[in-house]
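This report asks the reader to examine a protein structure with attention to one of its sheets, to some of its loops and to its cysteines.

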Amino acid sequence: MPTDWESLKVRLPIAKTGEDKAKRAELWKQFNVAGGKSLALFELDAGIQKVLECEELFDAKPAIRKAHVLAREINPRGDKDNLEFAEFRLLLVYLKGLMDVYQMFTDIDRSKDKALSLEELTAAGPKLAEVGIDIKDPAALWTQLKGTNACLEFDEFSDWAVRQGVGGQDLMEQAAAFDQAQHAQVLEHLSALSAAGDGRCSVQILVSFMKRLTKPLQEHDVLMLVNSSGAATDGQVVIAGFVDYLYG
C-alpha cells in the first residue's frame, strides 16, 4: 500500500538505538537485493519505490541524489560511487532533511520548471519567514545562489537552505564541516598568489586566478566579491580576509 511522506518520515529508522539499528539492517537487506557490499543509486531508487512505497520521495530525484552523495562523503576510503552500510543511517537522515528542503523548493517553484526565478524567490518571502528565514534582499541572494546559471536550481537552493537550518541539525553540521574544510583548502591555494609572502596579492592576479577555476567567475563578479569583502586596499587584497568573507 502506498505510503505518504509525512507518515513515512516519522518511521525512518535513523536513531542510534538497538531497535532502529536492527530495522536499518533489515531495510538494507530489502534494498540491497543483489547482496553486495554497497548500494548503487539505482538500487536506492528501486528500494524507495518498492520497499518504502513512497512515490512522493521517489519523485524527489534531486533530493535522493544529493543525499546519496553527502552520505558517501563520510567515508573517503569507501566506494566512490556506491553507498556502504556504514553510511546508510546518514543517508536516511539526509533523505529526511533534504526531502523537507525539496518540498519547500517545489512549493516556491510555481511554474514547476524545476528552477526558481527571481520573482518566485521574492514571492516566497512570507513562506520562508514561517521557518525563520528573513531575506532582506531577494535579488542579491538570487544572483549569488544561481551563479552563472539562468535560474536558481535545487542543488544551489538546497545548499543555502540547509545552512539556514531547513534540513535539520545533522545537515547543518555536515555543511559546517564541509565549509571549514573548503575554507582551509581555498586559503591554501590563494595564499600561493602572494609573491611577497605577506598574505596579499593584487586584485588583478586574484581576478585572473578566479577566471581559471573549474567553475570560472567573470571579472565583474570577482570584483563585486572583492569590493563587498572589504579586504582590498589600494589594489591589494588581504587574502585571509577575502576567504573569511567567502565562507563567513
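The text below describes a predicted model, beginning with a sheet and its helices.

**The sheet and the helices packed on it**

Three strands form an open sheet in the order β5-β7-β6, and their pairing is antiparallel. Strands β5 (200-202) and β6 (232-233) stand at the edges; each has a single partner strand, so one side of each is left without a neighbour in the sheet. Between β5 and β7 (residues 236-238), the antiparallel pairing extends over 3 bridges. One residue of this region, Arg 200, has Val 238 in β7 as its bridge partner.

Two helices pack on this sheet. Helix α12, which covers residues 203-210, touches β5 and β7. The direction of α12 makes an angle of about 85° with that of β5. Helix α14, covering residues 239-246, also touches β5 and β7. For α14, the angle is given relative to β7, and it is about 60°.

**Residues in loops**

Which value does phi take, approximately, in Glu 53? It is near 55°, a positive value in a residue other than glycine. Lys 112, likewise a residue other than glycine, has a positive phi near 55°. The table sets out the loop and the accessibility of these two residues and of Lys 211.

| Residue | Loop between | Relative accessible area |
|---|---|---|
| Glu 53 | α3 (41-50) and α4 (55-58) | 31%, partly exposed |
| Lys 112 | α6 (88-108) and β3 (115-116) | 54%, exposed |
| Lys 211 | α12 and α13 (219-229) | 42%, partly exposed |

The assignment of Lys 112 follows from the cut-off: a residue counts as exposed when its relative accessible area is over 50%, and the value for Lys 112 is 54%. Glu 53, at 31%, is partly exposed.

Lys 211 is located in the loop between α12 and α13. Along the chain, Lys 211 and Val 222 are 11 residues apart, and their C-alpha atoms are separated by 8.5 Å.

**Cysteines**

A disulfide is a covalent bond between the sulfur atoms of two cysteines. How many disulfides does a search of the whole structure find? The search finds 0.

Is Cys 54 buried or exposed? Cys 54 counts as buried, because its relative accessibility is 0%, and buried means under 20%. Cys 201 is also buried, with a relative accessible area of 3%.

How values were computed. Residues numbered from 1 in each chain as written. Predicted model: local features only at pLDDT ≥ 70, side-chain atom pairs only at ≥ 80, totals over all residues. Heavy atoms only, no water. Pairing = 2+ DSSP bridges. Helix = DSSP H or I, 4+ residues; strand = E, 2+ residues; numbered from the N terminus. Contact = heavy atoms within 4.5 Å. Axes fitted to C-alpha atoms, helices over the stretch in contact; angles between N-to-C directions. Buried < 20%, exposed > 50% of the residue type's maximum accessible area, 1.4 Å probe, protein only. Disulfide = S-S within 2.5 Å.
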